[in-house]
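User: I am in my first year and would like to learn how to read a protein model. Could you take me through this one by question and answer?

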Amino acid sequence: QASRAWQAPPPLQAPPAQMVPSQGSAAGRDESSPLVQVDAGAPSDTDIEAPAKMPEANSELSGLVWWRYHLGLLTLASVPVLVVLMVVLTRSNGVDLSALAENRPVGKAPLCNASAPLIGPVAVRAFELPAAWEDKCSRSEMAPNGTWIWPGRNWCWVRTKQKACYGQVGANGIGLHLLPSWYWAQRMTAEKGFAPEPSEVPLLGLEQPELCDIPGLGHPLHPSPRERQEALKWFRHNVAVYVVNLPRAAKRWEAMQGRLSELGLHATRIPGVDLSTPGALGTAQLEGLVPQGWNYSLAQENMRELVAHSQYAGIEKFIDEMGIGTVGCAAAHLRAQREAARISAEAGKALALILEDDVALQKDFVVKLFRLVTEEAPCDWQVMAMWSRCPFGRCISPHLTRVQPDGNEPEERCHNGVNYGMFGMLYRVSEMRDINQRLTRTVWDDSRPGCLPVDVAMASISDQIAYYAVPGSQVPGLLYEAAKWEDSQRWRLNHDFLEAQDKELDREAMHRDDVAQIWHKVS
């Protein structure tokens, strides 16, 4: 069924599909209609005509009629007053009258779509290829230059990911990456002879791709003023916002504050972790930011064994993944989770949104998030990535995927290579402690150094937590990575640290013995 769907992919120039609201949603309501409909057949005050002659009050019966008549007039006259009084009281107490009119529970803001089917536990997933392609995709001559060499890797998949996960920067010049769908990435790879045609043997990075692996689904919205107001009210009531920002990157913090203010939002700053100065790692371990039992030297030694068969470019990539900036990035996100959970719980917020300081929030971010949570998210969700580069898993709605560990990459490498980025992460506050504990155990495992990058580690435990994500192919989506990779704080810290140590790298080394010597120098 999935294969048939891939035979007829949406054309590149197809008009973008709308984020279709569910029945009864804010977007689906008729904005011209009043909140409460008045029955045309019910008489109003002006419809009641006064009788030609007032009833006599000189008898017991006529007196009773007289009192009933005036009591009725008094009741009718008091209805508008009571209605006005109810409106004032309910608004002053934060009661949503539109919820009353639409039969939604007042005071219980929806945090999921109760009608969305629950996905349940997922497992590590690997492709099942025909024997001929399984053999071809495992041959060493299919491996691209400068990659990590390890037995059992699917080189057709590696090359397809190179097309799907590292798109071109958009014409806006601020880093909007245009990422193709998995179908088109495989098509481009197949044209070079490095992968099968997707119509014949699809490499389903996302199962059910016809549902969400469509770039046009990320197009901007044009919501009504009423929906904007409703979405903003929901957001402020439920979501606490946090920004991870290094103390030395004050300009980024100021830029994020300005953008959030434009959207009517406020954020709490959580300091990043800079471990590039001498003795900083030991201090971080004493402060509890990095476990004291974690052995950086042992992790590096285990990483050296993983890259022993690789060329220099592959080693350089691992240097980045094991660099001191990567260690600090992991420590910062794990601390942000703990702090956000504590502060959000004290403030009575159900959701916590943790942003990196180099993301570009879209003008319709609040409305898109409101729709995503209330109309598409199943009620078992624990964490959602607002933009996930190289998405792997299954499409479950037009803008949401259920993340899975990629079984096409070795466990020794922490199934590295998909669902990159912690640009914007939305958490259920009630689930953050459990997520943090699982992620902490995975990241600080010096026997599995491939799990040190916190985004890789998060994807690797998606079979343990209910992790959902917006596919990065949908642009501009809710947000996107505004900075180039080489401008990221993590990359700069890694490479600045190496340069500060004055390490001489032999870029001509190609053999295993030389590789070991290089790794000894840089670690």
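Analyst: The turns below go through this predicted model, beginning with the overall make-up and ending with single residues.

User: How many helices and strands are there in the protein?

Analyst: Before counting elements, it helps to know that buried residues make up 49% of the 523 residues in the protein. Among the contacts with a separation of 6 or more, 78% are between residues 24 or more positions apart. As for the elements themselves, the protein has 18 helices and 13 strands.

User: Which strands stand at the edges of the open sheet?

Analyst: The open sheet has nine strands with mixed pairing, in the order β3-β9-β10-β12-β8-β11-β6-β4-β5. The strands at the edges each have a single partner strand, so one side of each is left without a neighbour in the sheet, and these strands are β3 (206-207) and β5 (267-271).

User: Which residue in β12 stands opposite M384?

Analyst: Strand β8, residues 383-388, and strand β12, residues 467-471, run parallel and are joined by four bridges. Within β12, the residue that stands opposite M384 is Y468.

User: At about what angle to β8 does helix α14 run?

Analyst: Helix α14, made of residues 365-376, lies across β6, β8, β9, β10, β11 and β12. The direction of this helix can be compared with that of β8, and the angle is about 135 degrees.

User: Which residues touch the most other members of the largest nonpolar core?

Analyst: The largest nonpolar core has 52 residues, and helix α13 (residues 324-347) gives the largest share of this core, with 10 residues. M458 shows what such touching looks like: not counting residues up to four places away in sequence, M458 touches Q337, M422, M425, Y427, I435, L439, I465 and Y467. The residues that touch the most other members are Y427, V443, W444 and M458.

User: How many residues are in the second, separate core?

Analyst: Members of the second core include V239, L351, A377 and M386. This core is separate from the largest one, and the number of its residues is 45.

User: Is the aromatic pair of F127 and F392 stacked, tilted or edge-to-face?

Analyst: A pair of aromatic rings is described by the distance of the centres and the angle of the planes. For F127 and F392 the centres are 6.3 Å apart and the planes make 55 degrees. Planes under 30 degrees apart count as stacked and those over 60 as edge-to-face, with the rest as tilted, so the pair of F127 and F392, at 55 degrees, is tilted.

User: How many residues apart are F127 and F392?

Analyst: F127 lies in the loop between α3 (97-101) and α4 (131-137), whereas F392 lies in the loop between β8 and β9. Both residues are buried, and ring pairs link them with W157 and W182 into a cluster. The pair of F127 and F392 links distant parts of the chain, and the separation is 265 residues.

User: What is the angle between the planes of W148 and W150?

Analyst: W148 and W150 are both buried, and their rings form an aromatic pair with 5.5 Å centre to centre. The pair is described as stacked, and the angle between the planes is 15 degrees.

User: Over the ring of which residue does the charged end of R402 sit?

Analyst: One charged end over a ring is that of R159, which sits over the ring of F194, 3.5 Å from its centre. In the case of R402, the charged end is 5.4 Å from the centre of the ring, and the ring belongs to Y468.

User: Is C414 buried or exposed?

Analyst: C414 is placed in the loop between β10 and β11, and has a positive phi of about 65 degrees although it is not a glycine. The relative accessibility of C414 is 1%, and under 20% counts as buried, so C414 is buried.

User: What is the relative accessible area of H415?

Analyst: H415 also has its place in the loop between β10 and β11, and its positive phi is about 55 degrees although H415 is not a glycine. H415 is buried, and its relative accessible area is 13%.

User: Is the peptide bond from V475 to P476 cis or trans?

Analyst: P476 is found in the loop between β12 and β13 (479-481). The peptide bond from V475 to P476 has omega near -5 degrees, and this bond is cis.

Technical notes: Residues numbered from 1 in each chain as written. Predicted model: local features only at pLDDT ≥ 70, side-chain atom pairs only at ≥ 80, totals over all residues. Heavy atoms only, no water. Pairing = 2+ DSSP bridges. Helix = DSSP H or I, 4+ residues; strand = E, 2+ residues; numbered from the N terminus. Contact = heavy atoms within 4.5 Å. Axes fitted to C-alpha atoms, helices over the stretch in contact; angles between N-to-C directions. Buried < 20%, exposed > 50% of the residue type's maximum accessible area, 1.4 Å probe, protein only. Phe/Tyr/Trp six-rings, centres within 6.5 Å; stacked < 30°, edge-to-face > 60°. Lys NZ or Arg CZ within 6 Å of the ring centre and 35° of its normal. Core = buried A, V, L, I, M, F, W, Y, C linked by side-chain atoms within 4.5 Å.
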